[in-house]
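Ready for some practice in reading a protein model? Work through the exercises below with the structure open beside you, and try each task before reading its solution.

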Amino acid sequence: FWLKLSVSSLMAAEGKRALYKVPLLQAQAAAAMSGSVALLATAERGQLASTTSATPLAVPERDADGPQTVQTVAELPDLMGRIRQMGLESEYNAFRARYLGWRQGETRGARGEPTATQLRELPMAAANRGWGFWYPTMEEWRFRRTLSYWIAVTFFEGSIFFAISSFLYNYPDPLGDSFQAVTFFGYVAGKVLFFICTYFMCIETINLNVGPQTPKSSRAQLPSGDAESASSDSGETSFSYWPFRCQRACANLKRLGLGPWPYYAAVLYFVGVLLFTVGLVAEVLPGLPIYWSQEVQRWSFVFGAFAFVLGGAAECIENNVFVSLCFDKGWFGALLNLLGSVGFLIGSFLAWKMSYWSDVCFCVGSIIFLVGSSLQIVMWKDEQFGLTFLAVLNRLGGPHGRPLLADGTEEPKEASLSVRGTIMVHLYCLEGALSIYLFNIEVQKAWADVNVETVRRCLNALLPGIISHMLLLLSSAVVEMPKTRPYKQLYVLMRWVFLAMLANSTVMFSEFIHDKFDR
């Protein structure tokens with residue numbers, strides 16, 4: 001305190017020559033700490049005298065009963081001997097070097113104290129991030145909660161399709177007429193789900209607006225220039241549905257003190273899905289020669305897998321995978337996504353010479369993606385809405401570290417999705433995938449002979465998938481099982497009915513595979 005007070009007063013009196021008074025200030029600080037009145041003079045008198053100009057530096061001095069007089073620095077005693085006797089010389093020299101470095105602008109020096117205006121700015125407020133900073137309104141919290149839920153769910157269900165279809169691609173002869181139903185159309189379903197997942201990732205990063213915002217009603221009363229400034233400072237802009245708003249996404253992330261990696265990961269995954277889709281379209285495009293169809297498919301898969309690898313690397317950078325060993329869910333999830341992308345890339349290159357091992361690599365990569373997306377569902381259960389691509393949102397929670405859930409009041413309460421609820425979400429996705437496979441098989445059979453019976457079979461196969469996705473929708477809104485009757489009993493009964501449907505679909509799909517491979 002005394003050192004800062006002395007610096008302020010002497011800087012105001014001497015201006016640029018305050019650097020010459022540094023030893024004096026340090027001696028005053030040492031005197032204040034040691035209680036020695038004599039050390040209120042200066043140290044290194046001879047050193048100061050040699051650095052001063054023709055006009056000697058002066059220190060005000062007030063007598064006990066007289067007016068204020070002026071005492072030059074050259075007249076002050078040299079107290080370095082006293083400092084050495086007290087054993088403070090090394091500490092004094094280290095402090096002097098640090099202070100001189102700070103005054104001369106060295107990077108290791110202090111940067112000064114922030115002002116009240118700086119503390120209100122978003123880059124400074126980001127250093128004090130909390131739940132209220134990232135979720136300024138309950139609408140913002142609900143939006144990110146819902147969006148992250150569907151990102152995790154569609155990623156997991158899409159990985160199921162890719163894993164099963166990649167495995168079955170190696171057995172065209174046993175599958176016969178149903179080969180395309182369980183391979184190509186399984187890939188189509190997986191691509192649709194991955195498209196939704198990556199598109200939502202882009203939307204979340206592009207529309208990331210947090211922090212103190214000026215209400216629209218208040219801005220309407222401001223002059224036009226002030227209103228535009230308030231809108232710009234708050235980061236509030238119209239909601240964007242276009243996933244390639246790179247400039248806006250990076251500007252928002254930079255304004256919040258974050259790097260561009262969340263958006264890079266999202267948009268690279270999205271571009272990869274689009275490139276994979278080109279290959280699937282080329283496979284069924286009428287009039288395209290087989291040679292060109294295969295070449296387009298192979299190269300589109302190579303570029304799509306390469307985009308996935310870059311997206312996985314961006315996620316790893318965001319979660320500090322390459323520079324730390326924190327081993328949390330975000331760390332493992334990002335690493336698994338990178339490894340799954342590498343599996344896709346290896347499989348894409350092997351497609352020219354070894355199609356069998358190419359499909360094996362795609363299957364292994366899909367299984368790795370399946371584990372990584374399962375971790376994302378668990379992260380959503382723990383209210384880590386950043387998942388693996390926006391790590392800054394994964395370190396928020398209640399005062400005891402538990403997640404926060406809305407209960408219809410102004411402030412959210414501490415709660416968490418139960419372990420049973422998390423398992424049920426996984427099973428809902430599995431039932432949805434099995435139902436789509438059974439529906440594709442029935443459509444393949446009914447394609448040659450459309451009648452009431454074949455249509456009924458198709459609807460029977462599709463109905464469990466519709467119900468499972470309705471239950472997924474319900475789980476995104478109803479996290480906790482109801483406590484009151486009869487809603488609790490209905491909720492439990494609904495789960496038992498669903499488990500019966502899942503068992504039925506599993507048996508039907510297993511019988512289909514068993515019959516095909518026994519022939």
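A nonpolar core is a set of buried Ala, Val, Leu, Ile, Met, Phe, Trp, Tyr and Cys residues joined through side-chain atoms within 4.5 Å. Keep in mind as you go that this is a predicted model.

**Exercise 1. The core**

Task: Find which residues touch the most other members of the largest nonpolar core.

Solution:
- Step 1: Start with the core itself, which has 88 residues.
- Step 2: Look for the members with the most partners inside it: they are Trp134, Phe308 and Leu472.
- Step 3: Now turn to the helices. H9 gives the most to this core, contributing 14 residues.

**Exercise 2. The chain as a whole**

Task: Describe the chain by its helices and strands, its buried share, its contacts and its surface.

Solution:
- Step 1: Count the elements: the chain has 22 helices and 4 strands.
- Step 2: Of its 519 residues, 46% are buried.
- Step 3: Take the contacts with a separation of 6 or more; 68% of them join residues 24 or more positions apart.
- Step 4: The accessible surface is about 27,100 Å², and carbon and sulfur atoms account for 63% of that.

**Exercise 3. A serine in a helix**

Task: Is Ser165 buried or exposed, and what is it in contact with?

Solution:
- Step 1: Locate Ser165 in helix H9, which covers residues 138-168.
- Step 2: The cut-off for buried is under 20% relative accessible area. Ser165 has 0% relative accessibility, so it counts as buried.
- Step 3: Set aside neighbours within four places in sequence. Ser165 is then in contact with Val182, Thr183, Gly186, Tyr187 and Tyr437.
- Step 4: Look closer at Thr183: its backbone oxygen lies 3.5 Å from a polar atom of the Ser165 side chain.

**Exercise 4. Two partly exposed residues**

Task: Place Val284 and Ile317 in their helices, and explain why each counts as partly exposed.

Solution:
- Step 1: Val284 belongs to helix H16 (residues 261-284), while Ile317 belongs to helix H17 (residues 290-318).
- Step 2: Partly exposed lies between the cut-offs of 20% and 50%. Val284 counts as partly exposed because its relative accessibility is 43%; Ile317 does so because its value is 33%.
- Step 3: Beyond four places in sequence, Val284 is in contact with Gln180 and Phe184. Phe184 is 100 residues away along the chain, yet the C-alpha atoms of Val284 and Phe184 are 9.5 Å apart.
- Step 4: Ile317 joins Trp261, Tyr264, Phe322 and Val323 in a nonpolar surface patch, with about 480 Å² of accessible area together.

Conventions: Residues numbered from 1 in each chain as written. Predicted model: local features only at pLDDT ≥ 70, side-chain atom pairs only at ≥ 80, totals over all residues. Heavy atoms only, no water. Buried < 20%, exposed > 50% of the residue type's maximum accessible area, 1.4 Å probe, protein only. Contact = heavy atoms within 4.5 Å. Areas by Shrake-Rupley, 256 points an atom, 1.4 Å probe, with all protein chains shown as cover. Polar contact = N/O pair within 3.5 Å; in protein donor to acceptor, adjacent residues only side chain to side chain. Patch = residues over 30% accessible without salt bridge, like charges linked within 9 Å, V, L, I, M, F, W, Y side chains within 5 Å. Salt bridge = Lys/Arg side-chain N within 4 Å of Asp/Glu carboxyl O.
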